[in-house]
Amino acid sequence: MLAVLLFTLLPSVLTHAGMATNDMAATAGLIFVLYSFSRYWGSPNPWNAALSGLALAVALGSKLSLLLFIPLALAPFILTMGLPSKWTKQQWLRTLAHGAVFLLTAVFFLSAIYRFELTPVARLWNIPLPLNG
């Protein structure tokens, strides 16, 4: 509780919270990503992987520039925690399966945030798509 109180009293948080921008939503999304990733790291299972995917989608949906900040924010965490030195083949396969759950969840919810609209992407790469009527 003390950390939340101190965070809310920061001058930069107080300044940006009253403005009609998406900076505070991006900050909350980044904190959600860091929390969900640490939760997954502590207990790796498909539900926590899906929660991390949801958190990534919410963060990127609030501000796409977080695509640059999220890896930078996670790097010290990963370097501090480290990877297990000896994993069996089963542990690697389970981690890859969790990664697939993470990516599929993130792509699904991010697509849902953008209402499954693909036409801007199709115009970017000149991909012909059927029109919706």
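# Guided tour of a seven-helix predicted model

The protein chain contains seven helices and zero strands, where helices (H or I, at least four residues) and strands (E, at least two) are DSSP runs numbered from the N terminus. The model is predicted, so local features need pLDDT of at least 70 and side-chain atom pairs count only at pLDDT 80 or more, while totals for chains, interfaces and linings use all residues. Residues are numbered from 1 along each chain as its sequence is written, and side-chain values use heavy atoms, with hydrogens and water left out.

**Whole chain**

Begin with the entire protein chain, which reads α-α-α-α-α-α-α along the sequence. Of its 133 residues, 20% are buried; buried means under 20% relative accessible area, exposed over 50%, and partly exposed in between (1.4 Å probe, protein chains only). Contact means heavy atoms within 4.5 Å. Among contacts between residues at least 6 apart in sequence, 63% join residues at least 24 apart.

**Stop 1: H3 and H4**

Two packed helices are described by the angle between their axes and the distance between the axes. Axes are lines fitted to C-alpha atoms, for helices over the stretch in contact, and angles run from 0 to 180 degrees between N-to-C directions. Angles under 35 degrees count as roughly parallel, over 145 as roughly antiparallel, 65 to 115 as roughly perpendicular, and the rest as oblique.

Select helix H3 (residues 23-42) together with helix H4 (46-62). Their axes come within 8 Å and cross at roughly 165 degrees, which means that H3 is roughly antiparallel to H4. The crossing of H3 and H4 is left-handed: a crossing is left-handed if the near helix is turned anticlockwise from the far one by less than a right angle, and right-handed if clockwise. On the H3 side, display Ala25, Ala26, Gly29, Leu30, Phe32, Val33, Ser36, Phe37, Arg39 and Tyr40. They meet Asn48, Ala49, Leu51, Ser52, Leu54, Ala55, Leu56, Ala59 and Ser62 in H4. By class, the residues of this contact divide into 13 nonpolar, five polar and one charged. For these classes, Ala, Val, Leu, Ile, Met, Phe, Trp, Tyr, Cys and Pro count as nonpolar, Asp, Glu, Lys and Arg as charged, and the others, Gly among them, as polar.

Next, centre on Ser36, found in helix H3. Ser36 is buried, with a relative accessible area of 1%. Leaving aside neighbours within four places in sequence, Ser36 is in contact with Leu51, Ser52 and Ala55.

**Stop 2: H3 and H5**

Keep H3 and add helix H5 (residues 66-81). The axes of H3 and H5 come within 11 Å and cross at roughly 30 degrees, which means that H3 is roughly parallel to H5. This crossing of H3 and H5 is right-handed. H3 contributes Ala26, Leu30, Val33, Leu34, Phe37, Ser38 and Trp41 to the contact, and H5 contributes Leu66, Ile70, Ala73, Leu74, Phe77, Ile78 and Met81. The contact of H3 with H5 holds 13 nonpolar residues, one polar and no charged.

**Stop 3: H4 and H5**

Hide H3 and view H4 against H5. These two helices pack at an angle of about 135 degrees, with their axes 9 Å apart, and H4 is therefore oblique to H5. Leu56, Ala59, Leu60 and Ser62 of H4 make the contact with Leu66, Leu67 and Ile70 of H5. The contact of H4 with H5 has six nonpolar, one polar and no charged residues.

**Stop 4: the nonpolar core**

A nonpolar core is a set of buried Ala, Val, Leu, Ile, Met, Phe, Trp, Tyr and Cys residues joined through side-chain atoms within 4.5 Å. The largest one here has 13 residues, and those with the most contacts inside it are Val33, Leu56, Ala59, Leu60, Leu66 and Ile70. H3, H4, H5 and helix H6 (89-113) each supply at least two residues of this core. Its largest share, five residues, comes from H4.

Select Val33, which counts as buried at 5% relative accessibility. Beyond residues up to four places away in sequence, Val33 touches Ala55, Leu56, Ala59 and Ile70. The C-alpha atoms of Val33 and Leu60 are separated by 10.0 Å, with the two residues 27 apart along the chain. With the same sequence exclusion of up to four places, Leu60 touches Leu66, Leu67, Ile70, Leu110 and Tyr114.

**Stop 5: His98**

Finish at His98 in helix H6. His98 counts as buried at 6% relative accessibility. Not counting residues up to four places away in sequence, His98 touches Tyr40, Pro44, Asn45, Pro46 and Ala49.
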